[in-house]
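Good morning, and thank you for making time for this presentation. Please look at the sequence and the structure on the screen while I go through them.

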Amino acid sequence: MTHDFVNRVKLVFKLMGDSRVSPLVKLIPVGALVYLVSPIDIVMGIPGVAALDDAAVLWFGSSLFIELCPPEVVQEHKQALESNLTDTSEEIVDVEPTDITD
C-alpha cells in the first residue's frame, strides 16, 4: 500500500512537470495542497475527522488530476515509473571477501 502511495505521488509530480498537461488541470493538486495547509476544513469540530477530511481532499484531488491528464501522457509516466522498479541489469559480480593486513 505504501508503494502505491509513493508511486502515485511520483506520478503526480512527473505530470506536474510535463508541458503536455494543461496548466488549468495542474491547478487541481495545487488547490488540494492549499486546502491541506489552510485552517479551513469541510468538517470542523469533530476530533480526528479533520485529518480524514484532509486525506480525502488529497486523494480526490490527485485522482481527479490524473483522470483529467491526457491518458497517453499518464501511461508514459506510469511505464517509466514501473521500469525504474524492475532491475533489467543481468550483471552479477561474484566476489570473495579478503582481509587486508599491513
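Helix H1 gives the lining of the largest pocket its largest share, namely 10 residues. I should say at once that what you see is a predicted model. The space in this largest pocket is about 710 Å³. Its lining consists of 24 residues, and those closest to the centre of the pocket are Phe 5, Arg 8, Val 9, Val 12 and Ser 62. Which elements contribute two or more residues to that lining? They are helix H1 (2-16), helix H2 (27-37), helix H3 (49-68) and helix H4 (71-85). As for the chemical classes, 16 of the lining residues are nonpolar, 4 are polar and 4 are charged.

Let me place this pocket within the chain. The chain holds 4 helices and 0 strands, and read from the N terminus, its elements follow the order α-α-α-α. There are 102 residues, of which 24% count as buried. The accessible surface amounts to about 8100 Å², and carbon and sulfur atoms account for 65% of that area.

I turn now to the interior. The largest nonpolar core has 11 residues in all: Leu 11, Val 12, Leu 15, Val 21, Val 25, Phe 65, Ile 66, Cys 69, Val 73, Val 74 and Leu 81. Two or more residues of this core come from each of H1, H3 and H4. Val 12, a member of the core, is also among the residues closest to the centre of the largest pocket.

Which residues does Phe 65 touch, if those up to four places away in sequence are not counted? They are Val 12, Leu 15, Met 16, Val 21, Val 25, Lys 26, Ile 28 and Pro 29. Of these partners, Val 12, Leu 15, Val 21 and Val 25 belong to the largest nonpolar core, as does Phe 65 itself.

Next, please find Pro 70, which sits in the loop between H3 and H4. Beyond its neighbours within four places in sequence, Pro 70 makes contact with Arg 20 and Val 21. Along the chain, Pro 70 and Val 21 are 49 residues apart, yet 6.9 Å separates their C-alpha atoms. Val 21 is thus a residue to note on the screen: it touches Phe 65 and is in contact with Pro 70.

I close with the contacts of the chain as a whole. Among those with a separation of 6 or more, 66% join residues that are 24 or more positions apart.

Notes: Residues numbered from 1 in each chain as written. Predicted model: local features only at pLDDT ≥ 70, side-chain atom pairs only at ≥ 80, totals over all residues. Heavy atoms only, no water. 1 Å grid on protein atoms, 1.4 Å probe; cavity = no way out; pocket = protein on both sides within 12 Å on 5 of 7 lines; lining within 4 Å. Points joined across faces, edges and corners; volume = space filled by probe spheres on them. Nonpolar A, V, L, I, M, F, W, Y, C, P; charged D, E, K, R; others polar. Core = buried A, V, L, I, M, F, W, Y, C linked by side-chain atoms within 4.5 Å. Buried < 20%, exposed > 50% of the residue type's maximum accessible area, 1.4 Å probe, protein only. Contact = heavy atoms within 4.5 Å. Areas by Shrake-Rupley, 256 points an atom, 1.4 Å probe, with all protein chains shown as cover.
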